[in-house]
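Colleague: I'm just getting started with protein models, and I'd like a close look at a single part of this one. Could you walk me through the open sheet and what sits around it?

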Amino acid sequence: MKITRIFDFPYYQLNTYNLKNAFITKHGGKWKSTSTQEYIDLANTISRGLLRLGVKANDKIAVISSTNRTEWNIVDIGILQIGAQNVPIYPTISKEDYEYILNHSEASYCFVSDQDILTKLNAIKGKTTLKEVFTFNDIANEKSWSDVLKLGLDTGNQSEVDTQKKKVKPNDLATLIYTSGTTGKPKGVMLSHDNIVSNVLESEKRVPFDHGNSKALSFLPVCHVFERMILYLYQYCGVEIYFAESIDKMSDNLKEIKPNVMTAVPRLYEKVYDKIVAKGSELKGIKKLLFFWAVSLGLKYEPYGQNGWFYERQLALARKLIFSKWKEGLGGNLDLMVSGSAALQTRLTRVFAAAEMPIMEGYGLTETSPVVSVNDQRNGGFKVGSVGRVIDNVTVKIADDGEILVKGPNVMQGYFKDKDKTAEVISDGYFHTGDIGEICEDGFLKITDRKKDMFKTSGGKYVVPSLLENQLKQSRFIEQILVIGEGEKMPAALIQPNFEFIEGWIAKKQQSIGTHFTDITNSQIIVDRIQREIDVCNQNFGKWEQIKKFKLTPEIWSIDEGHLTPTMKMKRKVIKEKYATLIEAIYRP
């Protein structure tokens, strides 16, 4: 069976694997499984119900869910196979952004997961073109997605669904994905069926699944194109998909499910690593010495035995004594982790590969559906510090100023209702990524910075903030850091301390510091300790790049408060605005 449209994936899975457990979501403390056949039957029921609601080809249907769940995928296919478009919306954005996206996309119906989202949506619903809202959870006096299913129970109009399916062409618009954006209003990225399908088929060549027998844990927001494409990829490869209950319960879910694969963003891998190291720090005597010997060994890891036979002998011992316990703590079967969305610290790449749970870092953007390149342990396709080799049928070239340009079937159709912005980023078929990088002699792509994040000091020197930030985030005292200094005489930084670690450090050192966030940020002892971290980092950079001053912020930077995008990237403009007073105190005391 040839796959040319997104909704072909479930039918391919039925013909090839016919899984008993295609999707598994926890309800009331129990995992509830949906088979491939049930998935297709329910998607067709949704399609019939939507047609009876008057939904036509090219109508836009919004979907907003706090967690990944089976219903999202059923509704997705139900929408797409009648030629309508799915408009996924991040649950954590403001109600004003809800209003903007719903109006800009001209969404006629909306599916939401729960009461919290419904409350936010109801506050602005009257200012939108929405005809009706349906909920996944049962909520009193609200219309449910089961009402749409009931509308579709009568199979009398299935022939109409089949007719609509046949009319959908590979180059037809499939979805509008509004970029979470670190600045300005969200842009609606237009992705066709072929954009995403081609990306799935080419990415599949880079993932070593046991087709029809693997399990995956999904918890990155499915409204983000990275996780959404991965879910289609899992379907294509016959992988059982378990949906994590929440980030907080991820550890429990890993132990329950024992997945073979999971995807995450770098910040989550950092947190996993920090928790492992924190537990190691609590060990005593020889156990503690062995733990940190293994970590030290892991931090020197190079693939394919490049460190020589003696290193490999030591690594085999470390894996047996220490790293096997790490793997056990993450379920025991985790053979592959995939990372995207932001730069992954090379220490994490090394240490998890040493622990036989390799993180395969890739690179892509919403506008490229998303994968441009990805590492693959097989056939020498893994290089620490790179984002892998470019996938087949995609072309990458480096512009004169170092910007990465991408051409291929994965490049978006453009920004919805915005020809000017589309023309700014696509020329001669090449998408201008805004990222700076290089292609090594052996074909690996390396990302060095975001073009728009680089800045010049008043002395005319360029500073690449991500290089400093990634090094300093390795400190256990620092949770988040934003390097600033555009147009100023020197670089400086805003830092969110790792309050959880520092509270433990205070108790251990028996320091007379309060554990309230403001006590920590106002403590000269803590400021001096973080200064030591800065001093060590600065030694690796030129004088013009070094951080000369910094200020600690007394809040946790979060998605809900607007500091971070839903994939945990910093919203630089927002953070600068929030802490304008601290920035003034740095540069104009």
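Modeller: Here is a walk through the open sheet, followed by a few places beyond it. Keep in mind as we go that this is a predicted model.

Let's begin with the overall layout. The open sheet is built from nine strands, in the order 2-1-10-9-11-12-13-14-15, and the pairing is mixed. At the edges you'll find strand 2 (30-34) and strand 15 (389-390); each has a single partner strand, so one side of each is left without a neighbour in the sheet. What holds the strands of a sheet together? Strands pair through backbone hydrogen bonds, and they can do that either parallel or antiparallel.

For an example of a pair, go to strand 12 (residues 336-339) and strand 13 (residues 359-364). These run parallel, and three bridges join them. If you want a spot to click on, find Val-338: across from it in strand 13 stands Met-360.

Next, see what lies over the sheet. Helix 3 (residues 70-80) lies across strand 1 (23-27), strand 2 and strand 10 (240-243), and it runs at about 135° to strand 1.

Now zoom in on one residue of the sheet, Ser-218, which lies in strand 9 (residues 215-218). Is Ser-218 buried or exposed? Ser-218 has a relative accessible area of 0%, so it counts as buried. Its side chain makes a polar contact of 2.9 Å with the side chain of Asn-68. Leaving out residues up to four places away in sequence, Ser-218 touches Asn-68, Glu-227, Leu-231, Ile-241, Tyr-242, Phe-243 and Ala-244.

Stepping along the chain, have a look at helix 13 (residues 309-329). Helix 13 has 21 residues and reaches 28 Å from its first C-alpha to its last, close to the 30 Å expected at 1.5 Å a residue. Even so, helix 13 bends by about 50° at Arg-319. Arg-319 is also one of the buried residues of this helix, along with Tyr-311, Leu-315, Ala-318, Ile-322, Phe-323, Trp-326 and Lys-327. Here's a handy idea for reading a list like that: an α-helix has 3.6 residues a turn, so residues three or four places apart point the same way. What covers the buried residues of helix 13? The cover includes helix 11 (266-281), helix 12 (285-298) and helix 14 (346-354). Just after helix 13 comes Gly-331, with a positive phi of about 110°.

Two of those covering helices, helix 11 and helix 12, are linked by a loop, and Leu-283 sits in it. Leu-283 counts as partly exposed, at 30% relative accessibility. Setting aside residues up to four places away in sequence, Leu-283 touches Lys-288 and Phe-291.

Finally, compare the sheet with some strands further along the chain. In strand 24 (residues 478-484), seven of the seven residues are buried. Strand 24 runs antiparallel to strand 25, with six bridges joining them, and Ile-481 stands opposite Ile-495 in strand 25. Strand 25 (residues 492-497) also pairs with strand 26, this time in the parallel sense, over four bridges. Ala-493 has Phe-550 as its bridge partner in strand 26. Which way do the side chains of strand 26 (residues 549-552) point? They alternate: Phe-550 and Leu-552 point to one face and are buried, while Lys-549 and Lys-551 point to the other and are not.

Definitions and conventions. Residues numbered from 1 in each chain as written. Predicted model: local features only at pLDDT ≥ 70, side-chain atom pairs only at ≥ 80, totals over all residues. Heavy atoms only, no water. Pairing = 2+ DSSP bridges. Helix = DSSP H or I, 4+ residues; strand = E, 2+ residues; numbered from the N terminus. Contact = heavy atoms within 4.5 Å. Axes fitted to C-alpha atoms, helices over the stretch in contact; angles between N-to-C directions. Buried < 20%, exposed > 50% of the residue type's maximum accessible area, 1.4 Å probe, protein only. Polar contact = N/O pair within 3.5 Å; in protein donor to acceptor, adjacent residues only side chain to side chain. Expected span 1.5 Å × (residues − 1). Bend = angle between axes of the 7 residues up to and from the residue.
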